[in-house]
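In these entries I record what I looked up about charged side chains and aromatic rings. My notes follow the structure shown here.

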Amino acid sequence: MTLIQLLYFVSAVEAGSFSAAAERLRLATPSVSEQIRRLERHVGTALFERGRVLQLTDAGRALLPQARATLRAAGEAERAVADVRGLKGGLASFGLFRNADYYLVGPLVETFLREHPRVRLRLPGQNSAEVADAVRAGRLEAGLVVLPVDDESLTVDSVLRDEVRYASADPRRAGGPVPLERLAQGRLILYDAAWAAVDPTRRQLATRMQTRGLTVAPYVEVERVEGALELVRRGLGDTIAASTVLRTREPGLHSASLEEPLHDEIAVIQRRGARLSAATAEFIRLARAHLHRLAQDNPHARILGPQG
């Protein structure tokens, strides 16, 4: 049984004859008759009483509502796919590293939903490592992360490099490039406490310290960067944070580069060989454009990858 056979069957019922159905469908009458005969052979019984007036048999009457429902469902399925393809529906599933709010979430989501109001968004994420795991497992189509992450079975497309700077409430402590020894010996406040072992920025810092024979021993650890910056603002210690975070939420703090510069490299990841939905591909395009505009206004950030 095929959709074509059901379509010709319903058309014949509604038009009153095979010839009228063929005219409506712009087909030759034998084509319509043949498909209906095939349908009758498939169901094992006649569907019409042939005569001067086309009449349904009991089997035909039983089939008619089911055939109409099947054709409606097929049409709805086709329209749903067309809506997703044309960004008139569907879901964009995209993971975000925790501090993405400071870079793009508000304005990006606003732009996306203004241009594609019928597309739904799902934007989970706690840390870049978690996002990478979810993309690799297929739970998310793609994600925006801070490198490095485990890139097994992933494609990585870098978008932006943002300087990680030392931040303090005391201007004297941010008067020039800060040596790693100060981070090792001072009252360092760090965030991402639950992800300390896999957080990309903390991994970079730990590697730099290790090459100098130093260790990272935070004075205070909290979960979110907002909490760390609040403690710094109160003069309880100093921290490190990406320049965009400092510019966006804590302009009153004083910051300086590290003697050995540290950068957060932000990248789009997706599963290698996977095809993105139109909605997620569009979300990535808008995210890249927004991050590039952000970098143009920030002397401590640099665009990576193709522009435009």
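**Entry 1: a helix and its charges**

I note at the outset that this is a predicted model. I began with Arg37, which is partly exposed because its relative accessibility is 36%, between the limits of 20% and 50%. I then looked for its partner and found that Arg37 forms a salt bridge with Glu34, with 3.1 Å between the closest N and O atoms. Both Arg37 and Glu34 belong to helix H3 (residues 29-43), where they are 3 residues apart, about one turn of the helix. Glu34 also counts as partly exposed, at 25% relative accessibility.

I next asked which other side chain meets Glu34 in a salt bridge. I found Arg41, at 3.7 Å from N to O. Arg41 has a relative accessible area of 56%, so it is exposed, the limit being over 50%. I recorded that Glu34, Arg37, Arg38 and Arg41 are linked in a network of salt bridges.

**Entry 2: a buried salt bridge**

I looked up the total and found 22 salt bridges in the structure. One of them joins the side chains of Arg165 and Glu163, at 3.3 Å from N to O. Are these two residues buried or exposed? Arg165 has 8% relative accessibility and counts as buried. Glu163, at 9%, counts as buried as well.

**Entry 3: aromatic rings**

I then turned to the rings and found 5 aromatic pairs in the structure. In one of them, the ring centres of Phe9 and Phe48 are 5.5 Å apart; their planes stand at 55°, so I entered the pair as tilted. This pair links distant parts of the chain, since Phe9 is in helix H1 (residues 3-15) and Phe48 is in strand E1 (residues 48-49), 39 residues apart. Phe9 is buried, with 0% relative accessible area, and Phe48 is buried, with 4%.

I examined another pair, Phe94 and Phe283, whose ring centres are 5.1 Å apart and whose planes are at 55°, so this pair is tilted. It too links distant parts of the chain: Phe94 is in strand E3 (residues 91-96) and Phe283 is in helix H11 (residues 278-296), 189 residues apart. Phe94 counts as buried at 0% relative accessibility, as does Phe283 at 1%.

I added that Phe9, Phe18 and Phe48 form one aromatic cluster.

**Entry 4: a charge over a ring**

Finally, I asked which ring the charged end of Arg182 sits over. I found that the ring belongs to Tyr166, and that the charged end of Arg182 is 5.6 Å from its centre.

Notes
Residues numbered from 1 in each chain as written. Predicted model: local features only at pLDDT ≥ 70, side-chain atom pairs only at ≥ 80, totals over all residues. Heavy atoms only, no water. Salt bridge = Lys/Arg side-chain N within 4 Å of Asp/Glu carboxyl O. Helix = DSSP H or I, 4+ residues; strand = E, 2+ residues; numbered from the N terminus. Buried < 20%, exposed > 50% of the residue type's maximum accessible area, 1.4 Å probe, protein only. Phe/Tyr/Trp six-rings, centres within 6.5 Å; stacked < 30°, edge-to-face > 60°. Lys NZ or Arg CZ within 6 Å of the ring centre and 35° of its normal.
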